[in-house]
Amino acid sequence: MSFLRRERSVLPGFGLSLGFTLFYLGLIVLIPLSAAFIKTAGMSWDEFVAAVWSPRVIASYRLSFLASFAAASVNAVFGLLVAWVLVRYPFPGKRIVDALVDLPFALPTAVAGIALSAIYSKNGWVGQWLEPHGLKIAYTEIGVFLALTFIGLPFVVRTLQPVLEELEPELEEASASLGANRWQTVTRVILPELLPPLITGFALAFARALGEYGSVVFISGNMPMRTEITPLLIITKLEQYDYHGATALAVVMLVASFCLLLVINLLQKWSRRYYRV
Amino acid sequence: MAAAISTTLSHHTSHAAVQRATHDPRWVRWTLTTVALLFLGCFLALPLAAVFAEALRRGFGAYFSAFAESDALASIRLTLLAAAISVPANLGFGVAAAWCIAKFNFPGKSVLITLIDLPFAVSPVISGLIYVLVFGLQGWWGAWLIEHDLKVIFAVPGIVLATTFVTFPFVARELIPLMQAQGSDEELAALTLGANGWQIFWRVTVPNIKWGLLYGIILCNARAMGEFGAVSVVSGHIRGETNTMPLQVEILYNEYNFVGAFAVASALALLAIVTLVLKALVEWRHAQARAS
């Protein structure tokens, strides 16, 4: 492996660790992922289009995209608020609240799914008050949106928090001493600083929501054309032994999430350049 | 620079005015804190409370008898087994990847880092699907596996593989930035003192990265035990054989056995709470270690 080394390091274990890393990466991730692309390459163009562009599939794209977008937007607004409160204001029990923010990462998605549908169904804690007023949440698009909001919640908070903590108070003092009032300082000095991590957090929450399955299937009701998300459609096709259809859909989703990953990487580079000057 | 400007300028501005401009009035603080806590209460605390309330709806007797069922016990055993294989495997990988990325320079390093993060960008459903394409009946190895009477899909190996895929980046992504920040000065010092590779690793590197290592293991384990989508695709839902705890929750829920479903779910929710507590503890210890 010595030809790979640009700078010679005297530490041992390069060949062993890189060799094992590449072997394991290939075995667990790259070879299985390539199977999806190879399987799709075996389809004709017409077959592919028929699998990924039928009315039922388009309806699922629309729901997945719109619900994820709405959920990520709500998370951007409230995530900014939560991060601000956690960093700037003292209140009792702050440590516990801070730890609780990570709950959607730690709680298995199936548990979140049945808990949300229990709360928002007809007899649930919240549902029993809303349904008499004609507002149905469980088994509608709103349910899908709520589940996606739950699982995306930590992303915005956790990307904003470190940036807010490092924001120098001198910046605000300077702004104040130059005659700005508090509102001007917040909107013209602080918010522009927070914009790059805010967009990054939004993109992370959006990407996560697009692929989410476990928390949504219980609350969505899974009605074709109405409350069926794209990942669920992949499972449905698999259960009908339509491997080609399922794989073609998977490839569309994989390409979409790789593009998002690229955008997120660029965003993170942008926000790093923004700060470390 | 900014500090210098503000001290010079503060002579011209009264202290109270600066205070007014850098601190929010009390009513703003109160309103924002209340709204934030209400939002977190509705979205986080309420679902968590609902799990335990639903599980205990018929009392403690019904709750505990839900765990006495053989299918529930089998699902707990399978979940523990899948985590016991996938977590150490990803731990070994994470350490190896962090060692070669943080201690050496080679072309294609940033591509490698991106590829390691790849499983996070893949939908759980697709994570399961790709193993069906490789090992399933019509997959690449399907015929060969049948010939040799081996089962991967709809069996335990498939569940372990899918779990390993979804938890793949956890340890590596904690260790890589940590070891990059620490550099290799201490390892090089050990080398000049005559230590060999394994001695350097165990006596110098491991003590330095232990909190990051622990952090990665905690997150990896939580995801391994809680994974639903990927495992659901490869499991085949055979009762007592290929159902992990999250799948058992789904089956019981779909059978309208709500107490049973929420009882198993409450065990997973307890695991999540323990994870959050351990995570907060490790973060706190890590901050302390860095401060001292």
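A residue counts as buried when its relative accessible area is under 20%, as exposed when the value is over 50%, and as partly exposed in between. With these cut-offs in hand, we can walk through the structure, which is a predicted model.

R158(A) has a relative accessibility of 25%, so R158(A) counts as partly exposed. Its salt-bridge partner is D102(A), and the closest N and O atoms of the two are 3.2 Å apart. D102(A) sits in the loop between α4 (94-100) and α5 (103-106) of chain A while R158(A) belongs to helix α8 (residues 141-166) of chain A, so this pair ties together parts that are 56 residues apart in sequence. Unlike its partner, D102(A) is buried, because its relative accessibility is 4%. Side chains of opposite charge can pair when their charged atoms come close.

D102(A) also reaches across to the other chain, since K279(B) forms a salt bridge with D102(A) in which the closest N and O atoms are 2.4 Å apart. These residues belong to a network of salt bridges that links D98(A), D102(A), R158(A), K279(B) and E283(B). Between chain A and chain B the count is two salt bridges, whereas the structure holds 16 over all chains.

The interface itself can be described in several ways. The size of an interface is often given as the accessible area lost when the parts come together. Here the area buried between chain A and chain B is about 8200 Å², and carbon and sulfur atoms give 81% of that area. In terms of residues, 95 of chain A are in contact with 95 of chain B, and ten residue pairs are in polar contact across the interface. On the side of chain A that touches chain B, helix α1 (residues 14-41) of chain A gives the most, with 20 residues, and by class this side has 69 nonpolar, 16 polar and ten charged residues.

One residue to look for is L254(A), which lies in helix α13 (residues 243-275) of chain A and counts as buried because its relative accessibility is 0%. Leaving aside residues up to four places away in sequence, L254(A) touches L33(A), A36(A) and F37(A) as well as V122(B) and I126(B) of chain B. The C-alpha atoms of L254(A) and A36(A) are separated by 9.3 Å, although the two residues are 218 residues apart along the chain.

Chain B offers a helix with two sides. In helix α4 (residues 59-68) of chain B, Y63(B), A66(B) and F67(B) are buried, and because they cover an arc of only 95° around the axis, they lie on the same side of α4(B). An α-helix has 3.6 residues a turn, so residues three or four places apart point the same way. On the other side of α4(B), G61(B), F64(B) and A68(B) are exposed, while the cover over the buried residues includes α3 (26-55), α5 (70-103) and α15 (258-291) of chain B.

Finally, two loops are worth a look for their backbone angles. Most residues other than glycine have a negative phi. N222(A), in the loop between α11 (214-220) and α12 (230-239) of chain A, has a positive phi near 55°, and with 28% relative accessibility N222(A) counts as partly exposed. D149(B), in the loop between α8 (142-147) and α9 (156-166) of chain B, likewise has a positive phi, of about 55°, but D149(B) is exposed, with a relative accessible area of 70%.

Definitions and conventions:
Residues are numbered from 1 along each chain as its sequence is written. Chains are lettered from A and ligands numbered from 1 in the order in which they are written. This is a predicted model: local features need pLDDT of at least 70, side-chain atom pairs count only at pLDDT 80 or more; totals for chains, interfaces and linings use all residues. Side-chain values use heavy atoms; hydrogens and water are left out. Contact means heavy atoms within 4.5 Å. Buried area is the accessible area (1.4 Å probe) that two parts lose on being put together, summed over both. A salt bridge is a side-chain nitrogen of Lys or Arg within 4 Å of a carboxyl oxygen of Asp or Glu. A polar contact is a pair of N or O atoms within 3.5 Å; within protein, one must be able to donate a hydrogen and the other to accept it, and residues adjacent in sequence count only if both atoms are side-chain atoms. Helices (H or I, at least four residues) and strands (E, at least two) are DSSP runs, numbered from the N terminus. Ala, Val, Leu, Ile, Met, Phe, Trp, Tyr, Cys and Pro count as nonpolar, Asp, Glu, Lys and Arg as charged, and the others, Gly among them, as polar. Buried means under 20% relative accessible area, exposed over 50%, partly exposed in between (1.4 Å probe, protein chains only). The arc is that of the directions from the helix axis to the C-beta atoms.
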